[in-house]
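This report was prepared for a reader at the bench who wants a careful account of a single protein chain. Please look over the sequence and the structure before reading on.

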Amino acid sequence: MSESRQATSASGLPRLLIGCENDDRREMRNISRSYGEEEEDDEDQSMERQIVVGICSMMKKSTSKPMTEILERLCKFEYITVVIFPEEVVLHEPVEKWPLCDCLISFHSKGFPLDKAVSYAKLKNSLLINDLNMQYFIQDRREVYRILQEEGIDLPRYAVLNRDPDRPEECNLVECEDHVEVNGEIFHKPFVEKPVCAEDHNVYIYYPTSAGGGSQRLFRKIGSRSSVYSPESTVRKTGSYIYEEFMPTDGTDVKVYTVGPDYAHAEARKSPALDGKVERDSEGKEIRYPVMLTAMEKLVARKVCLAFKQTVCGFDLLRANGHSFVCDVNGFSFVKNSMKYYDDCAKVLGNMVMRELAPQFHIPWSIPMEAEDIPIVPTTSGTMMELRCVIAVIRHGDRTPKQKMKMEVRNALFFDLFEKYGGNKTGKLKLKKPKQLQEVLDIARQLLAELVQHNDCEIEEKKSKLEQLKTVLEMYGHFSGINRKVQLTYLPNGQPKASSGEEDSQKEGPSLLLVLKWGGELTPAGRVQAEELGRAFRCMYPGGQGDYAGFPGCGLLRLHSTYRHDLKIYASDEGRVQMTAAAFAKGLLALEGELTPILVQMVKSANMNGLLDSDSDSLTDCQQRVKARLHEIMQKNRDFNEDDYQKLAPTSSPSLVNSIGVIGNPVRTFDQVHTLIQSLTSQICKRLEDPKSANLQLYHSESLELMLQRWSKLERDFRMKNGRYDISKIPDIYDCIKYDTQHNSSLGLEETLELFRLSRALADIIIPQEYGITKAEKLDIASAYCLPLVKKIQLDLQRTHEDEAVNKLHPLYSRGVMSPGRHVRTRLYFTSESHVHSLLSIFRYGGLLDELKDEQWKQAMDYLGAVTELNYMTQIVIMLYEDNNKDPSSEERFHVELHFSPGVKGCKDEDNAPMGFGFRPASSENHEKQTNPGSLEDLSQDEPDRAGPSEPMSIQRKSPLIRGRKAGSMEVLSESNMSSRGAAFRIFPSSSRQSPEIKPSGLGFEGCTLVPSIYPLETLHNSLSLKQVDEFLTAVCKNVSETQFKRLKSLSAMFESHTQPSMDTESQDTPVTNPVQLSQPPSRPLWYCSGPPSTVSSSGPSSPSLTEPSSNFGFNSE
């Protein structure tokens, strides 16, 4: 025997035979046949009958490591012998010459002659472990889906496109920009396109234009890649395909492996569609973690096993939106690298074979009874506490300046467009899709061509607006659908005349207000900021060992891979916010590649219920009064006096008081700012006249012409025709000069720093005070903006201990995972400046703690009062810990901490930055106990999945963002009785501010020079109880006025009508229910304010649902 590998029974017979030479084939067949003979030699008469299990497959499969491991264990059954059919016999010999067997394990793979195997099974009538005829069906995805449907198994909504000349009625495909229609069934992007042949692994996922477009192309693993992103957005035009709805799975797939209907092993792996990078361990094997199936999923596994008649069967589960869907059935497949699975599989198969065949061969055998698995329960000791929940509200990253242009339009073409996309349903319309923007551009071009013939001055004035509309829409040469939008609002009586000396002659009748918004895109610097912050955020999570040891944030990555991390990422519908969330997720989870696949799979759109979005055009009454009062105070042409200080800064915030002092006389400062802007535009004009500047490219592909347009518009708009200043332009001026100072400083324009200094001082007053001047106003406005978010945070904290709905890691398979029962709930909310300001106001002024009674809170309020700006990447972080040593009913059981960072550092910030007290300051008693407070090495020892008492430390870096491998040993630590005194360590430490008693470790990080460093997280309070926080959030929600409750009820009703994710819902080409017919121009008002404004949904999974139990607003567990 060559290549033979055998296990020997007590009688000396070979038990496992692999391969044979031609000359020895007869010998092997004779051995097999001799087991069935009744006439035996005298010396062999005492031998018991052996059951022969034949393995008939391609040799690569028969001799694979998993198969070998299982067969060696199968041979340990006393009465079982295994014979592997040689590949050359299977391929080239007739079935009559194949080895004999009593039980056949045979399965199809590339090159395997399934027809011959079917003939052999009919000829020998062997017991089949996996039915062979059903394997024909498994090779056709259409048949797989048909069988799944017949069995009542949940699968994604799908349609089949058969390109068969004999059945033309099954090949009806209509492709549109953001959806396809297959035989009448519409699939909006993202959708999946699968070849009908199961052997073809070239599965494509197509993304919506609102997320960047393109497609992810999956394929059978090649080295370390399983997919690649492509900019191609059109579907394939040859071949037959299944089109199905994309299921948002938070970036993980579950592979289930059955061994009979009563056994299923499940593993989680990173989805190949996420970034295409295959995660491998130190031995080069793909990293997968076993997970526990729910009772419903176990029932699905049983149904799949029985429906396809495959004892050993693998299939793919997608866990999405609280349900599990089967998306693929692979037939015969084994788990790799799990000794426990090998033991179980061999045991189940051996018992199955013996149960079926032992009686007919008169073999004495009974099924052994197995002891119940003992559940493994993690324990804690001392004051150690487990991190249970992390909630973070984060502002988007660095962006280009936001710009806006308004114009009144009356042309019939605009009314036609308004009606076409359902604007007459609500009186408002938002256009973001490339196709829609192209239509607006076509109208602008057509009208401009017609206006060339006219010289009427009113038309000429409109012409300049149309030219700007055309110029902005033609920028970049294409539409990405994510950085430009047009809003149309119906005005029944036309636009009211402004008070700035406009012409008295105004047209009567209805019109449309067209608002064009552009800019505000996330910059490359903003992407890096978000990704690096995500990478650094990992280090807030404890744990990590084995292959992960020494890797930054290894605990978080391990938690997520093992399904012990319950992660949801939400973002508002703004492109910059969504891309920030995707970039953050990329850094947090160590992903690679483009942001579009990450955005679609990981980021949930949360705009439909007001959770993270706000309608800036519909201000509350309180905010309108505040803005009017601000405008009045800031128009006085004299130095601020004591009375003005009281009016502008009743909270006595140090940052406000300082800025008021810098300004002195507001009108004089406005004059200076306007003069500086004029100087700036003059300098840019001179540069444009210089031939050397002809092809000068500024940051993010901006040209000098576009830069001049930005500043010229601000110069025109800031000083109104009546000579007064429009203070609402101050944020835009500061926005532009901050951008140019940071990104275009190489131009060397004069006096930019002075313009930056003055506009920043003005912005430091106007921006925060627009959200309320007095404490009562701040709370009123904050509640209007973010009450749904406050309620959602409260539910996130309450539901952390409810683990039943969380997918669990299987403890018996979790070798190397110290506490498989532990789950950490992470909720990340990415939003804009308004929500961050509002949420911070609620914590500051809502009455969480009394400054007079709590010294730590007083210090925190002093620190927040000194913060001048909530810059890009501002973070408000809430962390919940559990002390398992405390009584479950005790207030000390759950421990809440509140942290804050004002985001990225601005220009010239280092010298004036307020000093906080570090991240998680420890008690002085604990500080005295530490033998080596500066050591990082002791933090990742024998308790990798738990948090321990915190140590004071700081790490000094050139940048506060963690990248070095050694940084991975940082733990998230906690102690149950922390005070506000003592030293601290910083997760995102500052290189310039450092307590004198803290020694730096010298770890370095070379960051991108264009990315300003991010301020470290500062602890506002670290000894709050969950009950305390819960009662505070409840009180905040109850104190909201009746008007705000009505507003939230309308949002709730609106959201409940959207149960599935959709792309730009209000902009889709859907029929409008009972539309009001528009005339050109209409003769009467079309829209009466009877409902909530229309909303926009961007790409990504569905948002949390909003319900209303007894006047409190509730969300689902996500």
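The text below goes from the whole chain to one helix pair and then to some backbone details.

This is a predicted model, in which local features need pLDDT of at least 70 and side-chain atom pairs count only at pLDDT 80 or more, while totals for chains, interfaces and linings use all residues. Residues are numbered from 1 along each chain as its sequence is written, and side-chain values use heavy atoms, with hydrogens and water left out.

The protein chain holds 30 helices and 33 strands, where helices (H or I, at least four residues) and strands (E, at least two) are DSSP runs numbered from the N terminus. Of its 1118 residues, 58% are buried, that is, under 20% relative accessible area with a 1.4 Å probe, counting protein chains only, whereas exposed means over 50% and partly exposed in between.

The axes of helix H3 (residues 65-74) and helix H9 (residues 339-357) come within 8 Å and cross at roughly 50 degrees; these axes are lines fitted to C-alpha atoms over the stretch in contact, with angles from 0 to 180 degrees between N-to-C directions. Contact means heavy atoms within 4.5 Å, and the H3 residues that meet H9 include Ile70 and Leu74.

Two residues that are not glycine have a positive phi, as the table shows.

| Residue | Phi | Loop between |
|---|---|---|
| Serine 652 | about 55 degrees | helix H19 (642-648) and helix H20 (654-663) |
| Histidine 700 | about 60 degrees | helix H21 (666-689) and helix H22 (704-718) |

Histidine 700 is also partly exposed, with a relative accessible area of 27%.
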